[in-house]
Amino acid sequence: QAIRKSGLLEYYHPDARLKDVGGMEVQEEWLIQRSAAFRTDARAFGLPYPRGVLLIGVQGCGKSLIAKAIASLWEFPLLRLDVGRLFGSLVGSSEENMRNAIRVAESVAPAVLWVDEIEKSLAGTQGSAGTDGGTTARVMATFLNWMQERTAPVFVVATANTIDQLPPELLRRGRLDETFFVDLPSPTERQAIFEIHIGKRGREP
């Protein structure tokens with residue numbers, strides 16, 4: 001209800017699981033290793049919360065599916081941030097919308113915050129001063145600063161199709177833990193993908 005009332009985030013039921021992902025074994029192992037990092041005994045040991053991952057790669061190769069599988073693996077709510085919803089007509093409203101979206105995500109933490117195709121959201125920051133008075137740049141600066149300073153257990157999953165439009169400040173360590181490249185599947189991975197989809201349709205792979 002809090003998410004729906006804000007109008008800035010979308011709740012996705014995490015209906016995908018890691019076993020529904022064909023290939024990507026390295027990333028799956030990385031996620032499983034960090035499954036215990038959100039527990040209270042991890043806090044007592046002094047471990048920090050995992051911060052997030054950036055998934056870069058070919059369109060249609062499973063980046064969004066991985067985001068859903070992460071939420072299912074950790075049993076966290078999956079929140080999708082649609083940057084287009086943040087921009088308002090009044091001066092300062094866009095920046096306030098970003099802060100409200102962050103506040104809602106932290107209020108339901110631990111959670112997975114999914115930012116799909118983040119390069120399209122950041123593409124206009126360089127020329128923002130001449131096109132929208134710097135609004136886009138200020139909105140994304142607010143988001144990047146929160147990614148750096150956040151203490152709430154909100155795991156960010158950002159997906160992108162190309163790296164050349166991403167600012168270097170997003171890629172540096174501290175805002176996200178790791179960057180994974182999602183390539184076209186190998187022959188072995190294609191076999192696993194076929195088996196998953198055939199099995200979903202009630203047939204024997």
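**Figure 1. The largest pocket of the predicted model holds about 460 Å³ of space.** The model shown here and in the other views is predicted, not determined by experiment. Of the 22 residues that line the largest pocket, Val21, Gly22, Met24, Cys61 and Val182 are the closest to its centre. Three elements, α2 (25-33), β6 (178-182) and α10 (187-200), each supply at least two residues of the lining. The largest share comes from α10, which gives five residues. Sorted by class, the lining of this pocket has 12 nonpolar, five polar and five charged residues.

**Figure 2. Six strands form an open sheet.** The order of the strands across the sheet is β1-β3-β4-β5-β2-β6, and the pairing is mixed. The edge strands, each of which pairs on one side only, are β1 (9-12) and β6. Neighbouring strands of this sheet are turned against each other by 25° on average, with direction ignored.

**Figure 3. Strand β5 is paired with β4 and with β2.** Strand β4 (residues 111-115) and strand β5 (residues 154-160) run parallel and are joined by five bridges. One place to look is leucine 113, whose bridge partner in β5 is valine 156. Five bridges also join β2 to β5, and these two strands run parallel. Here glycine 52 has valine 156 of β5 as its bridge partner. Valine 156 can therefore be found as a partner of leucine 113 and of glycine 52 because β5 lies between β4 and β2 in the sheet order. A further pair in these strands is leucine 54 and its bridge partner in β5, alanine 158.

**Figure 4. Both faces of strand β5 are covered.** Seven of the seven residues of β5 are buried. In a regular strand the side chains alternate between the two faces of the sheet. On one side of β5 are Val154, Val156, Ala158 and Ala160. On the other side are Phe155, Val157 and Thr159. The residues on both sides are all buried.

**Figure 5. Strand β2 is mostly covered and pairs with β6.** Six of the six residues of β2 are buried. Gly52, Leu54 and Ile56 point one way from the strand, while Val53, Leu55 and Gly57 point the other way. β2 and β6 pair in the parallel sense over five bridges. Within this pairing, leucine 55 has phenylalanine 180 of β6 as its bridge partner.

**Figure 6. The largest nonpolar core has 33 residues.** Leu9, Leu81, Ile118 and Phe143 have the most contacts inside this core. At least two residues of the core come from each of β2 (52-57), β3 (78-81), α5 (93-107), β4, α6 (118-122), α8 (135-149) and β5. The element that gives the most to this core is α8, with six residues. In soluble globular proteins, nonpolar side chains tend to be buried together.

**Figure 7. The structure holds one cavity of 30 Å³ or more.** About 30 Å³ of space lies in the largest cavity. The residues that line the largest cavity are Leu9, Leu81, Met98, Ala101, Ile102, Ala105 and Leu113. Helix α5 gives the most to this lining, with four residues. By class, the lining of the largest cavity has seven nonpolar, no polar and no charged residues. Two of the lining residues, Leu9 and Leu81, are also among those with the most contacts inside the largest nonpolar core.

**Figure 8. Alanine 109 is placed in the loop between α5 and β4.** Is alanine 109 buried, exposed or partly exposed? Alanine 109 counts as partly exposed because its relative accessibility is 24%, whereas buried means under 20% and exposed means over 50%. Alanine 109 and valine 154 are 45 residues apart along the chain, and their C-alpha atoms are separated by 5.8 Å. Valine 154 belongs to β5 and is buried.

Methods:
Residues numbered from 1 in each chain as written. Predicted model: local features only at pLDDT ≥ 70, side-chain atom pairs only at ≥ 80, totals over all residues. Heavy atoms only, no water. 1 Å grid on protein atoms, 1.4 Å probe; cavity = no way out; pocket = protein on both sides within 12 Å on 5 of 7 lines; lining within 4 Å. Points joined across faces, edges and corners; volume = space filled by probe spheres on them. Nonpolar A, V, L, I, M, F, W, Y, C, P; charged D, E, K, R; others polar. Pairing = 2+ DSSP bridges. Axes fitted to C-alpha atoms, helices over the stretch in contact; angles between N-to-C directions. Core = buried A, V, L, I, M, F, W, Y, C linked by side-chain atoms within 4.5 Å. Buried < 20%, exposed > 50% of the residue type's maximum accessible area, 1.4 Å probe, protein only.
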